[in-house]
Amino acid sequence: MAYANTFKRMEMKLLLDEEQYSKLREKIDSYMTADEYGVHTIMNIYFDNDNNDVIISSLSKPVYKEKLRLRAYGNVAEDNDEAFLEIKKKYRGVVHKRRLEMTYKELFDYAAGGIMPDISENQRQVFSEIEYFRKRLGLKPKIVICYDRQAFFGNDDKEFRMTFDSNIRSRRTDVDLRKGDFGELLNKQPYKILEIKTTGAVPLWLVKFLSENKIYASTFSKYGNIFLNEVKTNKACKKSLNKIQNRREKECFQA
C-alpha cells in the first residue's frame, strides 16, 4: 500500500442506520469510486497511561486534543509488515496527522518498550513529536481496537474521501497486533460510521443528501464509547470518568 504520512484536513463523523447507508451507497456511485482494497480490516493499538489521561481529555471535549496509535492493516500483523505510528492532533475540527512508517516490530518495540528505531533524516521531526508526547504522559499500549472499513474517493477530487466503518471490537489483553484482530464487539454500535475527510468544502450533492435524510454530524469516538461501556464494570475506568464529571461541574460553577 502507498500512504501519505502527513495530513491536514477537516474530518466529520456521521452515524448511519441500515436504510441511510443503503441510500447513500446508491447515491455515491455517481460521484465516488471505491478504493482498490475493498472492505478491509484496520487494527490499532491506542496508547494511554494508568490514569487514562488521553481518553479522559478526549471525552471532556477540549478545543485541542491529541492521541497516539499504532496501526496495521489486515487480520494479523507480522514482524516485517508495514505499520504506522501516528500522532493525531485535532483543533477546532481541523485534523493534523503525522506518522512514522516502519515495520510493525520496529514501531512496537519502540512505542511499547522504548527501543529506539533507526530514524531517517526526513522522519526526525515526526519522531521528536511522538517521543515528547509519549514521555510527557508516560504512554504505553493500552487497548487494541479493530474494525472493518470500506473507503471511497471523489471522482473529481481525489483528496475528498469517505469511509464506512463497522464491526468495532476491542480488547485490553494481548495488546499486540501480532495476536490478531479478535476482540469484544462494541455494544449497541451504529450500523455504519461514516467519516468524511476533505481538504476543502463538502460537495453540494452530499450536503443536500445529508440534509434531506436528516443525517447530522456526530462526536462519536470508538475509543470513547468503548471506555464509557467499560465504566459499567471497571472500577478504574469509573474513577477516571468521575474526574471528567467533577471537572465539568467545577467549570459550570465558575461560569
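Helices and strands are taken here as DSSP runs, with at least four residues for a helix and at least two for a strand, and they are numbered from the N terminus. By this count the protein chain holds seven helices and eleven strands. The model is a predicted one, and the picture below builds up from the whole chain to its single residues.

The chain has 255 residues, and 46% of them are buried. Its accessible surface comes to about 13700 Å², with 49% of that area belonging to carbon and sulfur atoms. Contacts across the sequence tell a further part of the story: among those between residues at least 6 apart, 71% join residues at least 24 apart. One pair of residues brought together in space is Ser30 and Gly154, which are separated by 124 residues in sequence, while 9.7 Å lies between their C-alpha atoms. Ser30 belongs to the loop between helix H1 (18-28) and strand S2 (32-34). With a relative accessible area of 57%, Ser30 passes the 50% mark and so counts as exposed.

Helix H3 is a good place to look inside the model. This helix spans residues 104-113, and its buried residues are Tyr104, Leu107, Phe108, Asp109, Tyr110 and Ala111. The cover over these buried residues includes strand S3 (40-48), strand S4 (64-73), S5, S6, H4 and strand S7 (140-154). After H3 comes Gly114, with a positive phi near 75 degrees.

Within H3, a salt bridge joins the side chains of Lys105 and Asp109, with 2.7 Å from N to O. The two residues are four places apart in the helix, about one turn. An α-helix has 3.6 residues a turn, so residues three or four places apart point the same way. The partners of this bridge fall into separate accessibility classes: Asp109, at 19% relative accessible area, is under the 20% limit and therefore buried, whereas Lys105, at 36%, is partly exposed.

In total, the structure holds 25 salt bridges. Side chains of opposite charge can pair when their charged atoms come close. Two further bridges involve strand S5, and each links distant parts of the chain. In one of them, Arg99 pairs with Glu86, and the closest N and O atoms are 2.5 Å apart. Arg99 sits in strand S6 (residues 94-103) and Glu86 in strand S5 (residues 82-91), with their positions 13 residues apart in sequence. Both Arg99 and Glu86 are buried. In the other, Glu129 pairs with Lys89, with 3.3 Å between the closest N and O atoms. Here the partners are 40 residues apart, Glu129 in helix H4 (residues 124-137) and Lys89 in S5. Glu129 has a relative accessible area of 18% and is therefore buried, while Lys89 reaches 22% and is partly exposed, because buried means under 20%.

Pockets offer another view of the fold. The second largest pocket has a volume of about 220 Å³. Its lining is made up of Ser170, Arg171, Arg172, Glu184, Leu185, Leu186, Asn187, Ile226, Asn229, Glu230 and Thr233. By character, these lining residues divide into three nonpolar, four polar and four charged. Strand S8 (161-171), strand S9 (184-185) and helix H6 (222-230) each contribute at least two residues to the lining. The largest share, three residues, comes from H6.

Two residues other than glycine show positive phi values. Asn167 has a phi of about 60 degrees and is found in strand S8, one of the elements that help to line the second largest pocket. At 32% relative accessibility, Asn167 is partly exposed. Lys188, with phi near 55 degrees, lies in the loop between S9 and strand S10 (192-198). Lys188 has a relative accessible area of 78% and so counts as exposed.

Methods: Residues are numbered from 1 along each chain as its sequence is written. This is a predicted model: local features need pLDDT of at least 70, side-chain atom pairs count only at pLDDT 80 or more; totals for chains, interfaces and linings use all residues. Side-chain values use heavy atoms; hydrogens and water are left out. On a 1 Å grid over the protein atoms alone, a cavity is a set of points where a 1.4 Å probe fits but cannot get out, and a pocket is an open set with protein on both sides within 12 Å along at least five of seven lines; lining residues have an atom within 4 Å of a point. Grid points are joined across faces, edges and corners, and a volume is the space filled by probe spheres set on the points. Ala, Val, Leu, Ile, Met, Phe, Trp, Tyr, Cys and Pro count as nonpolar, Asp, Glu, Lys and Arg as charged, and the others, Gly among them, as polar. A salt bridge is a side-chain nitrogen of Lys or Arg within 4 Å of a carboxyl oxygen of Asp or Glu. Buried means under 20% relative accessible area, exposed over 50%, partly exposed in between (1.4 Å probe, protein chains only). Contact means heavy atoms within 4.5 Å. Accessible areas come from the Shrake-Rupley method with a 1.4 Å probe; for residues, only the protein chains shown count as cover.
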